[in-house]
Amino acid sequence: MKRGVSTELIGRQGLELHQIERTSGRNAELAEELNVINDEVSKMAQVREFNDNPGAFEMILRSQLEREEAGS
Amino acid sequence: MNTDEITGMTLERVAAAIRSKHVSSVEVTQRCLDRVDTLASKVNGFISVERDEVLKAAEAADDALRQGAVCGPLHGVPLAHKDMFYRKGKVSTCGSKIMRDQVQNVTSTVLERLGAAGALYMGSLHMSEFAAGPTGHNDHYGPCRNPWNLDHITGGSSSGSGASVASRFTFGAMGSDTGGSVRLPAGLCGVVGLKPTHGRISRFGALPRSWTNDAMGPIARTVRDCALMTSLIAGEDPKDPTTFRTPLPDYDEAMAAGIRGITVGVPANQFYDDVDGEIGTALEESISVLERQGARIVKVAVPDLGPHYRLGDAITKCESATIHGKWIRERPQDYGRVVLSRIEVGFHIPATRYLEAISLRGRYLSEFLEAVFDKVDVLHAPLLPVPVPTIKEKDYTGSADVPESIASMTKLTRPSSFLGLPTLSVPCGFSRGNLPIAFQLIGRPFREADLFATGLAYEQVTGWTEASPSL
């Protein structure tokens, strides 16, 4: 199976999902950029575990703050 | 006092001089306006100047002082800010064509707090369009120019803030930082800038670029001035639920304590991979200075910065596409080409990729805290690995050039934004082309005090922040 999104798919997504019309040259640039981002984020996401969630970041900051306050 | 003596003062000194009536607010304001009139067009630092309003406010400040009323620590001091901090009833262009005539109906919390401390609003400063660009280019308002050499970039997106503080047009300025936008223009213009911990300073009433990565921070001439501004604007804000309720530390006390006993980490990997020779020499010297000032220096292995850069960038692109979606559909021709090209890909990143990136933020923060801040108090790192580029070198010719060129500017600054860590940029010399070099000090969450103490210990014995460009 061919990997990555095509220029045509970017063009169709732009038009049909977002009502944005672009030249095919620009769609090709976006397809290339998207494929890089998509591949890299997918690879990095392999370290994700089932319970990782967007709220964890603030919880860590809050626990750091509590540690600071307890220490001061 | 003549114009140079007045405009050459630090924020702390000019505020004290006005309070003690050694100089009036009107005199200070008029001298700043004179300097702006004479020189600001050279650097293209201002988008608008509020001459009549600020002089009237200065007169009121002097009247109040004569009656014994002091508004706050910045009583009567004229400041100017990146043109993206909203004021009720006024336009904030956000460096764009689209918002050029839009009157805002709220006032940003940071401006309210600076106003409550007595500061006056002198004008609105140049910025990259919609805070999207690390160089200071702007298709609508022209490029901002580095006061140390007008052919070179200022860094962005808080381009006017860095250039105007360095040019002695204003004593301090607010900026915003989503991937380096306070630290780069501060460092590239030879002044000091803080990106605070996520949740330390309110973002209410400021232009959003990325809800996840945005931080508002001060740019000032010295570390002490930066600490002063931070102490006035930081803290919980009910209008911004991402702010944390916690008492602010006494930054003066922290700076007075010095850095004996502080451990400063020097990255053993990653940060120095592409550092140019003369930049590396200046950074090495700055580490030696910190050691002589009493810091313990240790090498520390840092986690891979690649995921921080890439995940932070993917998040910003998705959020920006959401923020700008309506205007990009309805009036794409009103966006600058580079800005549009940076946002556009965000429409096509799958929602699952975005959520993967956001859900990994905690894991990567945890990893960084353990690897670095279990061993050191402050991490010392390069800001920009190469000498300040020229405006021409960074004037992208096509959309396909943009991602790589942006990465070359922000690869060392974006990680702190993704991780939400406080980071201070401090000048540490000049390159052969007489353009500023700077380092970053990265701290534990909510430990801005460590950064101010370390930055001040360096600044006190080197004096780089006393240098002033001749325009």
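# A tour from the A–B contact into chain B

Begin with the contact between the chains, to which chain B gives 33 residues and chain A gives 31 residues; two residues are in contact if their C-beta atoms, placed from the backbone, lie within 7 Å. The model is a predicted one, in which local features need pLDDT of at least 70, side-chain atom pairs count only at pLDDT 80 or more, and totals for chains, interfaces and linings use all residues. Residues are numbered from 1 along each chain as its sequence is written, while chains are lettered from A and ligands numbered from 1 in the order in which they are written.

**The side of chain B that touches chain A**

Select α11 (306–330), α13 (351–359) and α14 (361–373) of chain B, the elements that give two or more residues to the side touching chain A. Helices (H or I, at least four residues) and strands (E, at least two) are DSSP runs, numbered from the N terminus. The largest share of this side, six residues, comes from α11(B). By class, the side of chain B that touches chain A has 16 nonpolar, nine polar and eight charged residues. Here Ala, Val, Leu, Ile, Met, Phe, Trp, Tyr, Cys and Pro count as nonpolar, Asp, Glu, Lys and Arg as charged, and the others, Gly among them, as polar.

Next, display helix α3 (residues 56–71) of chain A together with α14(B). Their axes are 7 Å apart and the helices pack at an angle of about 35 degrees. Axes are lines fitted to C-alpha atoms, for helices over the stretch in contact, and angles run from 0 to 180 degrees between N-to-C directions. From α3(A), select A56(A), F57(A), M59(A) and I60(A); they meet R361(B), G362(B), R363(B), L365(B) and S366(B) of α14(B). This contact of α3(A) with α14(B) has five nonpolar, two polar and two charged residues.

Then move to E33(A), in helix α2 (residues 24–44) of chain A. Is E33(A) buried or exposed? E33(A) has 22 C-beta neighbours inside 10 Å and therefore counts as buried. A residue is buried if 20 or more other C-beta atoms lie within 10 Å of its own, exposed if 12 or fewer, and partly exposed in between, with C-beta atoms placed from the backbone. Leaving aside neighbours within four places in sequence, E33(A) is in contact with V345(B) and P403(B). A distance label from E33(A) to R67(A), 34 residues away in sequence, should read 41 Å, C-alpha to C-alpha.

**The sheet of chain B**

Now hide chain A and colour chain B by secondary structure, which comes to 17 helices and 11 strands. Eight strands form an open sheet of mixed pairing in the order β4-β6-β5-β10-β11-β9-β7-β8; two strands pair if DSSP finds at least two bridges between them. At the edges are β4 (172–177) and β8 (296–300) of chain B, each pairing on one side only. From one strand to the next, the twist averages 30 degrees.

Select β6 (residues 215–220) of chain B. Six of the six residues of β6(B) are buried, so this strand is largely enclosed by the rest of the structure. A215(B), G217(B) and I219(B) lie on one side, and M216(B), P218(B) and A220(B) on the other. Six bridges join β6(B) to the antiparallel β4(B), where S176(B) is the bridge partner of M216(B). Two bridges join β6(B) to β5(B), also antiparallel, with G193(B) opposite I219(B).

Elsewhere in the sheet, β7 (residues 263–267) and β9 (residues 378–382) of chain B run parallel and are joined by two bridges; V264(B) stands opposite V378(B). Add helix α17 (residues 448–462) of chain B, which lies across β5, β7, β9, β10 and β11 and runs at about 145 degrees to β11(B).

**The buried interior**

Select helix α8 (residues 223–233) of chain B. 10 of its 11 residues are buried, so α8(B) is largely enclosed by the rest of the structure. Just after α8(B), G235(B) takes a positive phi of about 115 degrees.

Finally, view chain B as a whole: 60% of its 471 residues count as buried. The largest nonpolar core holds 148 residues, of which V14(B), V77(B), L79(B), L120(B), A314(B), V426(B) and F452(B) touch the most other members. Such a core is a set of buried Ala, Val, Leu, Ile, Met, Phe, Trp, Tyr and Cys residues joined through C-beta atoms within 7 Å. Centre on L79(B): among the residues it touches, beyond four places in sequence, are L114(B), L120(B), M122(B) and F171(B).
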